[in-house]
Structure formats: structure tokens, C-alpha cells
Amino acid sequence: MRRRGDLLPHFSVDTLAGSRFSYSTIWQQRNLVLLLVSRTAHGQAPSISEITSRQADFDAANTTCVVTTDVVDGLPSPGFVIADRWGEIVQVAAAGPG
């Protein structure tokens, strides 16, 4: 499992918005907030739509927010990752129960 200070692997995922996201498109350009949600929980989580509705705030911070049910090797699922534009992981955490 990757930890704070590790480099984020390059990956591609399908987003909950229905598009394909490739990390290489923002690498060295934008920060990343990656939310990895379970397939069973994503429809029951109003907080996800609240987070994604804050796109203007993410843009102001030069950050891309991606929400997916896909699994990314080395990252907790469900969980989240925050990485700087160079791919260094600033925060990573697995989601707790419930």
C-alpha cells in the first residue's frame, strides 16, 4: 500500500461522471484528489455529489477531483488520495466502516 511521500502510479479509471480519466493528462500540471468509492455505496453517498459540486474551488487550487469505483493498484479502496502536481502523495487513507 502506498503511503505519504510515495509517488502516485500512473493510472486510468472510469469516473462516476461517466468519462475516462488518465492521470498522465494532469501529471506535473495539477494536484489531484482521488476518491475511490465502493460500487455499493456510491449511490447512497450524498457527500460525493457535494464534493464534486465544488469544482470551482478545486480549479482555484489548481486541483482535479476524480471520483471512481475502479480499483487502482497500491491505493486503498474505498479510500482517498491527495497528491501534488508532481505525483507525491500528501495524504492517503482507507475509508472506515459504516
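**Entry 1: strand S4**

I began with strand S4 and found that both of its faces are covered, with Thr 63, Cys 65 and Val 67 buried on one side and Thr 64, Val 66 and Thr 68 buried on the other. I note at once that the model I am reading is a predicted one. The two sets of names fit what I know of strands in general, since in a regular strand the side chains alternate between the two faces of the sheet. Counting along the strand, six of the six residues of S4 are buried, so S4 is largely enclosed by the rest of the structure.

**Entry 2: the sheet around S4**

Next I looked up the sheet to which S4 belongs, and I found an open sheet of four strands in the order S4-S3-S5-S6, with mixed pairing. Strand S4, residues 63–68, and strand S6, residues 89–94, are the edge strands, each of them pairing on one side only. On average, neighbouring strands of this sheet are turned by 5° against each other when direction is ignored. I reminded myself that strands of a sheet pair through backbone hydrogen bonds, either parallel or antiparallel.

**Entry 3: pairing, strand by strand**

In which sense do S3 and S4 pair? I found them parallel, joined over six bridges. Two of the partners I wrote down are Leu 32, whose bridge partner in S4 is Thr 64, and Val 33, which stands opposite Cys 65 in S4. Both Thr 64 and Cys 65 had already appeared in my first entry as buried residues, one on each side of S4.

From S3 I moved across to S5, where the two strands run antiparallel and are joined by five bridges. Here Leu 36 stands opposite Gly 79 in S5. I then followed Gly 79 to the next strand, and its bridge partner in S6 is Ala 94. Strand S5, residues 79–83, pairs with S6 in the antiparallel sense over five bridges. I also checked how covered S3 is: five of its six residues are buried, so S3 is largely enclosed by the rest of the structure.

**Entry 4: the aromatic rings**

I turned to the aromatic residues and found that the structure holds two aromatic pairs. In one of them Phe 11 and Phe 21 are tilted, at 6.1 Å centre to centre and with 50° between the planes. Phe 11 lies in the segment before strand S1 (12–14) and Phe 21 in strand S2 (residues 20–22), so this pair ties together parts that are ten residues apart in sequence. Are these two rings buried or exposed? Phe 11 counts as buried because its relative accessibility is 8%, with the cut-off for buried set at under 20%, and Phe 21 is likewise buried, with a relative accessible area of 9%.

The other pair is formed by Phe 11 and Tyr 23, which are stacked at 5.5 Å centre to centre with 5° between the planes. This pair links distant parts of the chain, with Phe 11 in the segment before S1 and Tyr 23 in the loop between S2 and strand S3 (31–36), twelve residues apart. Tyr 23 counts as buried, at 0% relative accessibility. Taken together, ring pairs link Phe 11, Phe 21 and Tyr 23 into a cluster.

**Entry 5: Thr 15**

I then looked for a residue in touch with both the ring cluster and strand S4, and I settled on Thr 15, which sits in the loop between S1 and S2. Which residues does Thr 15 touch, if those up to four places away in sequence are not counted? I found Phe 21, Val 66 and Val 67. Thr 15 is itself buried, with a relative accessible area of 16%.

**Entry 6: the whole protein**

Last, I stepped back to the whole protein, in which there are two helices and six strands. From the N terminus on, the elements run β-β-β-α-α-β-β-β. The radius of gyration is 13 Å, close to the 13 Å that the globule rule gives for 98 residues, so the protein is as compact as a globular protein of that length. Along its principal axes the C-alpha trace spans about 35 × 30 × 20 Å.

Buried residues make up 34% of the 98 residues. Among contacts between residues at least 6 apart in sequence, 67% join residues at least 24 apart. The accessible surface comes to about 5,800 Å², and 52% of it belongs to carbon and sulfur atoms.

Key:
Residues are numbered from 1 along each chain as its sequence is written. This is a predicted model: local features need pLDDT of at least 70, side-chain atom pairs count only at pLDDT 80 or more; totals for chains, interfaces and linings use all residues. Side-chain values use heavy atoms; hydrogens and water are left out. Two strands pair if DSSP finds at least two bridges between them. Axes are lines fitted to C-alpha atoms, for helices over the stretch in contact, and angles run from 0 to 180 degrees between N-to-C directions. Rings of Phe, Tyr and Trp (its six-membered ring) pair if their centres lie within 6.5 Å; planes under 30 degrees apart count as stacked, over 60 as edge-to-face and the rest as tilted. Buried means under 20% relative accessible area, exposed over 50%, partly exposed in between (1.4 Å probe, protein chains only). The radius of gyration is taken over C-alpha atoms; the globule rule is 2.2 Å times the number of residues to the power 0.38. Contact means heavy atoms within 4.5 Å. Accessible areas come from the Shrake-Rupley method with a 1.4 Å probe; for residues, only the protein chains shown count as cover.
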